[in-house]
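Dear colleague,

Please find below the structure I am handing over to you, with its sequence. My findings follow directly after it.

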Amino acid sequence: MIRLTIPRIPPSPNGPGGYLRLHWTKRRKDKEAWKWEIMRATAKVRGIGDMFKPAPSKRVKVLIHQVRARRLDRDNLWASCKNIVDAIVLCGLARDDSEKWMDLSVSQETGKEHRTEITVE
């Protein structure tokens with residue numbers, strides 16, 4: 001089991017400052033930032049040598065838990081995790097983000113200290 005804590009949350013897709021309203025260059029930068037955040041956290045947990053191991057050849061269970069100031073509705077919560085799921089696959093923690101290879105669960109709670117907790121089993 002791998003547990004990662006990232007000290008930020010993904011933006012909501014909707015709203016005045018929402019992800020879908022950002023310029024495409026800012027969306028790309030956000031996607032790259034998540035990739036590097038997860039890669040850095042993975043290196044701390046697995047070690048640098050194990051960071052480039054091939055993805056597991058079995059189905060993995062992924063739980064993404066966000067602590068944010070305001071709760072999102074269900075579809076926006078799941079949509080906000082797209083870059084995180086892509087980064088998990090890029091970092092080799094899962095083979096693919098399809099249902100065949102990943103059992104994904106997303107949850108949230110409210111709190112002052114924003115963070116994203118990722119558990120991969």
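The second largest pocket is lined by Met1, Ile2, Arg46, Pro54, Pro56, Lys58, Val60, Gly92, Leu93, Val120 and Glu121. Please bear in mind throughout that this is a predicted model. The space in this second largest pocket comes to about 170 Å³. By class, its lining comprises 7 nonpolar residues, 1 polar residue and 3 charged residues.

The largest pocket holds about 210 Å³ of space. It has 13 lining residues, and those closest to its centre are Ser12, Asn14, Arg68, Arg70 and Leu72. The lining of the largest pocket divides into 5 nonpolar, 6 polar and 2 charged residues.

I turn next to the sheet. Its 4 strands form an open arrangement in the order β1-β4-β2-β3, with mixed pairing. Strands β1 and β3 (102–110) stand at the edges and have a single partner strand each, so one side of each is left without a neighbour in the sheet. On average, and with direction ignored, neighbouring strands of this sheet are turned by 15° against each other.

Two of the pairings can be described in detail. Strand β1 (residues 2–6) runs antiparallel to strand β4 (residues 115–120), and 5 bridges join them. Within this pairing, Arg3 has Thr119 of β4 as its bridge partner, while Thr5 stands opposite Glu117 in β4. Strand β2 (residues 60–68) is also antiparallel to β4, and here 6 bridges make the connection. Val62 stands opposite Val120 in β4; Val120 also belongs to the lining of the second largest pocket.

Which strands do the helices touch where they pack on the sheet? Helix α1 (residues 24–46) touches β1 and β4, and its direction makes about 135° with that of β1. Helix α3 touches β2, β3 and β4, and its direction makes about 135° with that of β3.

One residue of α3 deserves separate mention. Asn83 is located in this helix, which spans residues 82–90. Is Asn83 buried or exposed? Its relative accessibility is 9%, and Asn83 therefore counts as buried, the cut-off for that class being under 20%. Leaving aside residues up to four places away in sequence, Asn83 touches Tyr19, Asp30, Lys31 and Trp34.

With kind regards

Key:
Residues are numbered from 1 along each chain as its sequence is written. This is a predicted model: local features need pLDDT of at least 70, side-chain atom pairs count only at pLDDT 80 or more; totals for chains, interfaces and linings use all residues. Side-chain values use heavy atoms; hydrogens and water are left out. On a 1 Å grid over the protein atoms alone, a cavity is a set of points where a 1.4 Å probe fits but cannot get out, and a pocket is an open set with protein on both sides within 12 Å along at least five of seven lines; lining residues have an atom within 4 Å of a point. Grid points are joined across faces, edges and corners, and a volume is the space filled by probe spheres set on the points. Ala, Val, Leu, Ile, Met, Phe, Trp, Tyr, Cys and Pro count as nonpolar, Asp, Glu, Lys and Arg as charged, and the others, Gly among them, as polar. Two strands pair if DSSP finds at least two bridges between them. Helices (H or I, at least four residues) and strands (E, at least two) are DSSP runs, numbered from the N terminus. Buried means under 20% relative accessible area, exposed over 50%, partly exposed in between (1.4 Å probe, protein chains only). Contact means heavy atoms within 4.5 Å. Axes are lines fitted to C-alpha atoms, for helices over the stretch in contact, and angles run from 0 to 180 degrees between N-to-C directions.
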